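Reader: I would like to learn how to read a model of this kind one feature at a time, with the general idea first and the particular case after it. Could you take me through it in that way?

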Amino acid sequence: MFKKILIANRGEIALRIIRACRELGIKSVSVHSTIDADSLHVRFADESICIGPADPAGSYRNIPSILSAAEITDCEAIHPGYGFLAENANFAEMCETAGIKFIGPTPDNIRLMGDKARAKETMIKAGVPVVPGSKGAVTSEDEILLLAQKIGYPVIIKASAGGGGRGMRVVHSAGSLINSFLMCQSEAVSSFGCPDVYIEKYINEPRHVEIQVMADEHGNVVHLGERDCSIQRRHQKLIEESPSPALTPKIRKKMGEVAVAAAKSVNYMNAGTIEFILAGDQFYFMEMNTRIQVEHPVTEMVTGVDLVKEQIKAASGMPLGFRQEDINITGHSIECRINAEDPEKFTPCPGKITSFNTPGGPGVRVDTAAYGGYTVPPNYDSMIAKLIVYGKDRDEALSRMSRSLEEFIVEGIKTTIPLHQKILKDPIFRSGKFHTGYLEKFLGM
Ligand code: ADP
């Protein structure tokens, strides 16, 4: 096992990884930007190194600074968390070259899955169902016109290198196809540095259901059930839950098996998520996220597996601590992402938190790096906390979430707590019968 790990991240996920290190008896080194000097991830790590200015390009995305920080503190491994360098294959490769273990998938895994069009092609070869669409990237106007006609409208154009809900355009008729194609291409260049786009059928009112997988270096691949992430705004997840209210035991089993086969087909290593789009009882591969995800706690709550500890153990060469038959899903877990945003306009709302009270009691978990007196900087993601609840069933989880949201006090800045409270009261959300377009309809967008 490693003796010392560097955490190349900030905020709640950096704290989450520090906690895993502590429990495993591993020393942790955090890195921070100048603006984050008073952060909890700095306070709770055994050591911390300032790696640059507030702008992430100079700090949390600064590969040479991070590698030097790992070298001078004698770290044997780096955990990238999510975002920043987590899905940067070059960074994973440079860690390897420097003799530092990257806690995550192999550079090849990251590279393959990071190219969404190539990932889809690979999945087709592995026999995984995918949304009907182009084979790889589409390059010409004639090609996309023909393809869209064949697939049938509406279609969705996606950037191969896209992510985080960005770089996608839905097209309802041939009239706007070429214009959208060209815009998508130029956006892909400016946002992701690669012009490749691909096209697929736009599935009407689907659900987003994803499977968590874990793989070790001994050929074991296990799935840990699903997460339903259909509550989204502009393709960004807001509420996640496990199990999905939409899966029958039969589809759940099939989806899990397909996810394991997909991971095996690419010799996948460490934690990953296979995202599917579910329409009725048909599901299709959408993409694979090669990192620990924001919503991983709901899986931890219903399986009892500590995914971050398993990531560290797997990276150190240990076999997984469980087999497929050991994974039993019990109860129900829901996560609400609390963002420092105006709950109506969704504009970021950084600033000083004057008062902060986190909920507690049975079945409640709060993952946050915020505290009373903390100033949310404007330079990073607006998520300031994740409120996760567990209940014996969905009903109990729903009531627990409602009462926990009431107990959650954040003053000084605006947050999405009031929005979550409204959603939790909505009969459609409570019924569990919703699709990815639900929230935008609910908000009247
Ligand atoms: P990202 O990497 O940006 O998260 P995804 O490919 O995972 O992109 O898609 C994000 C969201 O966009 C999905 O959760 C779903 O709501 C919607 N989406 C993506 N592809 C389709 C599709 N073919 N039909 C309908 N909705 C889609």
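**Reading the ligand site and its surroundings**

Author: Let us begin with the ligand, around which 21 residues are placed, the closest being Lys-158, Gly-165, His-208, Gln-232 and Glu-287. Please keep in mind throughout that this is a predicted model.

Reader: Which parts of the chain supply the shell around the ligand?

Author: One can look at this by domain and then by secondary structure. The domain assignment divides the protein chain into domain 1 (4–103), domain 2 (132–201) and domain 3 (207–443), and the shell takes at least three residues from each of domain 2 and domain 3. At the level of secondary structure, β6 (155–159), β8 (197–201), β12 (270–279) and β13 (282–289) each contribute at least two residues to that shell. As for domain 1, its C-alpha centre lies 36 Å from that of domain 2.

Reader: How do the residues of the shell divide into nonpolar, polar and charged?

Author: The shell holds 7 nonpolar, 7 polar and 7 charged residues.

Reader: Which polar atoms of the protein lie at what distance from the ligand?

Author: Here it pays to keep side-chain and backbone atoms apart. Lys-116 places a polar side-chain atom 3.0 Å from an oxygen atom of the ligand, and a side-chain N or O atom of His-235 is likewise 3.0 Å from a ligand oxygen atom. With Ile-203 the atom belongs to the backbone, an N or O that lies 2.9 Å from a nitrogen atom of the ligand. The ligand taken alone exposes 550 Å², of which the protein buries 96%.

Reader: How should I read a salt bridge, and how many salt bridges are there?

Author: The general idea is that side chains of opposite charge can pair when their charged atoms come close. For this model the count comes to 34 salt bridges, with a side-chain nitrogen of Lys or Arg required to be within 4 Å of a carboxyl oxygen of Asp or Glu. One of them joins the side chains of Asp-46 and Arg-22, with 2.9 Å from N to O. Asp-46 sits in the loop between α2 (40–44) and β3 (47–52), while Arg-22 belongs to helix α1 (residues 11–24), so this pair ties together parts that are 24 residues apart in sequence. Both ends are partly exposed, Asp-46 with a relative accessible area of 34% and Arg-22 with 44%.

Reader: Which helices does the salt bridge between Arg-111 and Glu-93 tie together?

Author: The closest N and O atoms of Arg-111 and Glu-93 are 3.2 Å apart. Arg-111 lies in helix α5 (residues 107–114) and Glu-93 in helix α4 (residues 89–97), so the parts tied together are 18 residues apart in sequence. Arg-111 is partly exposed at a relative accessible area of 31%, and Glu-93 is partly exposed at 32%.

Reader: Are Lys-237 and Glu-295 buried or exposed?

Author: Both Lys-237 and Glu-295 are buried, and their side chains meet in a salt bridge at 2.9 Å, N to O. Since Lys-237 lies in strand β11 (residues 236–242) and Glu-295 in the loop between β13 and α10 (296–303), the pair ties together parts that are 58 residues apart in sequence. Salt bridges that share partners join Glu-210, Arg-227, Lys-237, Glu-240, Glu-275, Glu-295 and Arg-337 into one network.

Reader: How many residues of α10 are buried?

Author: In α10, 7 of the 8 residues are buried, so the helix is largely enclosed by the rest of the structure. Among them are His-296, Pro-297, Val-298 and Thr-299. Gly-304, which follows α10, has a positive phi near 75°.

Reader: Where are the cis peptide bonds and the positive phi angles outside glycine?

Author: A cis peptide bond joins Tyr-153 and Pro-154, with omega about -5°, and Pro-154 is in the loop between α7 (141–151) and β6. The bond from Ser-242 to Pro-243 is also cis, with omega near -5°, and Pro-243 belongs to the loop between β11 and α9 (249–265). As for phi, Asp-74 is not a glycine, yet has a positive value of about 60°; Asp-74 lies in the loop between α3 (63–72) and β4 (77–79) and is exposed, with a relative accessible area of 60%. Glu-205, in the loop between β8 and β9 (207–215), has a positive phi of about 45° and counts as partly exposed at 46% relative accessibility.

Terms used
Residues numbered from 1 in each chain as written. Predicted model: local features only at pLDDT ≥ 70, side-chain atom pairs only at ≥ 80, totals over all residues. Heavy atoms only, no water. Domains from an automatic or database assignment. Near = heavy atom within 4 Å. Polar contact = N/O pair within 3.5 Å; in protein donor to acceptor, adjacent residues only side chain to side chain. Areas by Shrake-Rupley, 256 points an atom, 1.4 Å probe, with all protein chains shown as cover. Helix = DSSP H or I, 4+ residues; strand = E, 2+ residues; numbered from the N terminus. Nonpolar A, V, L, I, M, F, W, Y, C, P; charged D, E, K, R; others polar. Buried < 20%, exposed > 50% of the residue type's maximum accessible area, 1.4 Å probe, protein only.
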